[in-house]
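I opened my notebook for a fresh look at one protein chain. Come along while I look things up.

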Amino acid sequence: MENIEWGTLPFGYFKTDYNVRCYYRDGKWGEVEVSSSEYINVHMACTGLHYGQEAFEGMKVFRGKDGKIRMFRWEENAKRLRNSAQGIMMAEVPDELFLEAITKVVKLNEKYIPPYGTGASLYLRPLLFGSGAEVGVKPAEEYMFMVFCGPVGPYFKEGFKPVKIQLVSDYDRTAPQGTGHIKVGGNYAASLRPAFRAKGEGFSSVLFTDAKEHKYIDEAGPANFFGIKNNTYVTPHSDTILPSITNMSLEQIARDLGLDVERRPVPVTELETFEEAGACGTAAIISPIGLIHDREADKTISYGSMDEPGPISVKLYNTLKGIQEGEVEDKHGWNYVFE
Ligand SMILES: Cc1ncc(COP(=O)(O)O)c(C=O)c1O
C-alpha cells in the first residue's frame with residue numbers, strides 16, 4: 001500500500017481492496033460475496049438504470065485514540081435504507097444482512113481505516129438497486145445490495161470554518177408528495193443543476209425551500225439545516241427532507257447540553273433571527289453557515305464572522321466528534337465497537 005496522505009484526502013472515491021455484494025433472487029437474499037473488482041456486471045434493461053430503482057447510504061467508521069474502531073449508529077442507516085426500499089418498491093435489506101455486509105467490508109479493508117488524529121475516516125457506501133430486467137415501468141424481481149468503502153479526509157482542511165450558502169426557490173430537489181424523505185438517486189440528480197450553479201456563483205451549497213410554497217426552509221444540499229437562537233436548537237420539520245442521522249444526534253446532544261429543541265416548519269423570514277446557523281450531515285458533522293444569500297430577493301443574511309463559527313455550533317460539533325472517536329462518553333449507545 002502506497003503512503004496515504006490521510007489529512008489531505010478529498011471526499012471522493014478511493015480504491016480499496018475489497019467490496020461485498022449480495023443478490024435478491026426468487027424472493028430471497030443470497031450469501032454475501034466478496035469481490036476485488038471495482039465493476040459490476042449489470043443487465044442493460046435493469047430497473048436501476050431505467051426507472052431509478054436505486055437507493056444508497058453513507059456512513060463513517062473511525063479509529064479512536066484508544067486504537068478501537070467505531071462505527072456510528074449503523075442501525076439508523078439500515079432503517080433508512082429499508083424506508084428507501086419501501087418508498088420505491090425494492091426488496092428490503094434486513095438488519096442482519098446490512099450489519100454482516102458493512103462489518104465484512106470494514107474488516108477486509110482494515111488497513112484503509114485512517115489513523116487517529118488525522119481527521120480522516122473510512123466512509124462506507126451501501127448501495128441497493130433493481131438489477132432485474134424490465135422494459136415496462138414496474139419494480140424489478142431481482143436486486144443487488146453491495147457495500148464499498150474508502151478513506152476520506154477531514155471535511156475542513158484548514159479547521160472548522162463557516163461557509164456561504166445560496167437560498168434558491170427556482171429549483172426543487174423533490175416534489176411535495178414525492179421522494180424527498182428517502183435517499184434515492186433521483187433526488188440527487190434533481191439537485192445537481194442548482195448545486196453546480198451555486199458553486200459557480202461562489203457558494204459552497206444550496207439551501208432549498210419547500211417545493212409547494214417556497215416559504216419554508218427544507219434542507220441544505222446533502223445536509224439538514226439548523227438555526228440557534230435563545231438557547232434553542234431549531235430545525236425544519238418537513239416531509240420532503242431526508243431524516244439526517246447527524247441532525248437527530250445533534251438534537252439529542254443539544255438537549256444534553258441544556259438547550260431546548262424545536263423541530264417545526266422554519267419560514268424563510270425567520271432566518272435573520274438566528275444567532276447561529278449550520279448544515280449538518282455525515283460528511284462534515286456541521287458546516288457552520290457564515291452567510292446565506294437569497295438568490296431571488298438578492299438579500300444577504302450574515303451570522304457573526306466568516307472566520308469563526310458560533311460557540312454553540314462549536315460545542316455541538318466537538319461533542320459529536322468526540323463521541324465518534326471515543327473521547328466523549330457514548331451515553332446513548334450510538335457506537336458499534338469492532339472486536
Ligand atoms: C439530502 C440529504 N440530507 C441530509 C443528509 C444528512 O444525513 P446524515 O446525517 O444521515 O448523513 C444527507 C446525507 O446523507 C443527504 O443526502
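These are my entries, beginning with the domains and ending with one glycine.

**Entry: the domains.** I kept in mind that this is a predicted model. I looked up the domain assignment, and it gives domain 1 as 6–152 and domain 2 as 163–324. I then checked how far apart they sit: their C-alpha centres lie 26 Å apart. For the contacts, I found 20 residues of domain 1 meeting twelve residues of domain 2. On the domain 1 side, the elements that give two or more residues are β4 (54–56), β5 (59–63), β6 (69–72) and α2. Which of them gives the largest share? I found that α2 does, with six residues. I also sorted this side of domain 1 by class, and it has seven nonpolar, six polar and seven charged residues.

**Entry: helix α2.** Since α2 came up there, I looked at this helix next. Helix α2 covers residues 74–87, and I tested its length. At 1.5 Å a residue, its 14 residues should span 20 Å, and the end C-alpha atoms are indeed 20 Å apart, so the two values agree. Which residues of α2 are buried? My list reads W74, N77, A78, R80, L81, S84 and A85. These buried residues lie on the same side of α2, because they cover an arc of only 165° around the axis. A reminder to myself: an α-helix has 3.6 residues a turn, so residues three or four places apart point the same way. Just past the helix I noted M89, which follows α2 and has a positive phi, near 55°.

**Entry: around the ligand.** Next I asked which residues surround the ligand. They are G58, E219, P222, A223, N224, L242, S244, I245, T246, N247, G281 and T282. By class, I have four nonpolar, seven polar and one charged residues in this shell. Helix α5 (residues 245–256) gives the most to the shell, with three residues.

**Entry: G30.** Last, I picked a glycine. I found G30 in the loop between β2 (28–29) and β3 (33–35). Is G30 buried, exposed or something in between? I counted 13 other C-beta atoms within 10 Å, so G30 is partly exposed; 20 or more would make a residue buried, and 12 or fewer exposed. Leaving out residues up to four places away in sequence, G30 touches C22, Y23 and R25. I also looked up P114, 84 residues from G30 along the chain, and the two C-alpha atoms are separated by 32 Å.

Technical notes:
Residues are numbered from 1 along each chain as its sequence is written. This is a predicted model: local features need pLDDT of at least 70, side-chain atom pairs count only at pLDDT 80 or more; totals for chains, interfaces and linings use all residues. A residue is near a molecule or strand if its C-beta atom, placed from the backbone, lies within 6 Å of it. Helices (H or I, at least four residues) and strands (E, at least two) are DSSP runs, numbered from the N terminus. Ala, Val, Leu, Ile, Met, Phe, Trp, Tyr, Cys and Pro count as nonpolar, Asp, Glu, Lys and Arg as charged, and the others, Gly among them, as polar. The expected span of a helix is 1.5 Å times one less than its number of residues. The arc is that of the directions from the helix axis to the C-beta atoms. Domain bounds come from an automatic or database domain assignment. Two residues are in contact if their C-beta atoms, placed from the backbone, lie within 7 Å.
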